[in-house]
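Let's take a walk through this structure together. Please have the sequence and the 3D view open beside you as you read.

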Amino acid sequence: NISNITKVSRANPVTLTFEKRHGFVTGRDVQVSGVSGHGWDALLGSKEKVTVVSETEIQLDGVDGAGAGTPQLSGAQAEEVTAGRCWTTADLTTTYGLGAVGAFICVVPGWIIDKFGPIVAGIYGLVLINVGYGSIIALLGGGSATPTEVGLLYMVEEQGSATLFMLVFCLAMPAFPQQFSGLVGGAVSVSYGMSSLLWQIICPSFGFHSDSTFINDTNLKGFLILILICMDT
């Protein structure tokens, strides 16, 4: 949220001051919304290049602001424009929904395990994981990934992960007496789910701390690469 908008001079760009530390990067496009006041309508809806002044201030390179007067701030906000727009709740639902399809519809992995055995199933699962996560990492480097593209690749990765889960489950069952089959299945499921705690512990090392984390302060690509290496190992 913007706490103040000032004009430096007729020759200099508009400066935005934020309530908290921002996450903008010099040279990126930003879009301002919620500003009212004489002469400031030009800020609304337009994309402008940003120059970072400090942790709480940025300058809009394309807006002069001379003679604009004092703006009346009403929930003024600025957001970075990524691949044309920011992701919404619906976009995140699409991404994670496709991932859930890959994780829970496991007919093909089960058929591969029964038909070709554990070695082929393990290779199949690892190939899907590497294709899925590897492609997501490549898309992050380009900065133009859409929710559907990421979701489809996430679905591929989750299908590979589900294959390895089913493989471990099928290999563990014959190793224990039949009367403990339910307990064995539960133990495999718990160990699979508890691995998320490991990543929760590791996350801060890659810049993920809380809801106040800015994406520019994180190393998302490095975090995904580490996950991929661990799963391959």
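Let us start at Ser161, which lies in helix α4; helices here are DSSP runs of H or I with at least four residues, strands are runs of E with at least two, and both are numbered from the N terminus. Keep in mind that this is a predicted model, in which local features need pLDDT of at least 70 and side-chain atom pairs count only at pLDDT 80 or more, while totals for chains, interfaces and linings use all residues. Residues are numbered from 1 along each chain as its sequence is written, and side-chain values use heavy atoms, with hydrogens and water left out.

Is Ser161 buried or exposed? Ser161 counts as buried because its relative accessibility is 6%; buried means under 20% relative accessible area, exposed means over 50%, and partly exposed lies in between, using a 1.4 Å probe and protein chains only. Leaving aside residues up to four places away in sequence, Ser161 touches Ile129, Tyr192 and Met231, where a contact means heavy atoms within 4.5 Å.

Ile129 also brings us to Gly134, since Gly134 touches Ile129 and Leu228 when residues up to four places away in sequence are not counted. Gly134 lies in helix α3 and counts as partly exposed because its relative accessibility is 29%. Between the C-alpha atoms of Gly134 and Leu153 there are 9.0 Å in space, with their positions 19 residues apart in sequence.

Next, have a look at Leu152, which is found in helix α4. With 40% relative accessibility, Leu152 counts as partly exposed. Leu152 and Thr95 are 57 residues apart in sequence, yet their C-alpha atoms are 7.5 Å apart.

Now for the nonpolar interior. A nonpolar core is a set of buried Ala, Val, Leu, Ile, Met, Phe, Trp, Tyr and Cys residues joined through side-chain atoms within 4.5 Å. The largest one has 15 residues, and Tyr133, Ile136, Phe223, Leu224 and Ile227 touch the most other members. Helices α3, α4 (147-172) and α6 (220-232) are the elements that give two or more residues to this core. Ile227 touches Tyr133 and Trp199, again not counting residues up to four places away in sequence. A second, separate core has nine residues, among them Leu16, Phe18, Val32 and Ile58.

Those names lead us to the strands. Strand β2 (residues 14-18) is joined to β5 by four bridges, and the two run antiparallel; strands pair if DSSP finds at least two bridges between them. One such pairing puts Thr15 opposite its bridge partner in β5, Gln59. Why is β2 largely enclosed by the rest of the structure? Five of its five residues are buried. Both faces of β2 are covered, with Val14, Leu16 and Phe18 on one side and Thr15 and Thr17 on the other. Strand β5 (residues 57-60), in turn, has a covered face of Ile58 and Leu60 and an uncovered face of Glu57 and Gln59.

On the outside, let us return to helix α3 (residues 118-142), which holds Ile123. Ile123 counts as exposed because its relative accessibility is 52%. Together with Ile119, Val127 and Val131, Ile123 forms a nonpolar surface patch with about 380 Å² of accessible area. Patches are made of residues with over 30% relative accessible area and no salt bridge, joining like charges within 9 Å and nonpolar side chains (Val, Leu, Ile, Met, Phe, Trp, Tyr) within 5 Å. A salt bridge is a side-chain nitrogen of Lys or Arg within 4 Å of a carboxyl oxygen of Asp or Glu.

Finally, step back to the whole chain. Its secondary structure comes to six helices and six strands, in the order β-β-β-β-β-β-α-α-α-α-α-α from the N terminus. Of its 233 residues, 33% count as buried. The chain exposes about 13,400 Å², of which carbon and sulfur atoms supply 62%; accessible areas come from the Shrake-Rupley method with a 1.4 Å probe, and for residues only the protein chains shown count as cover.
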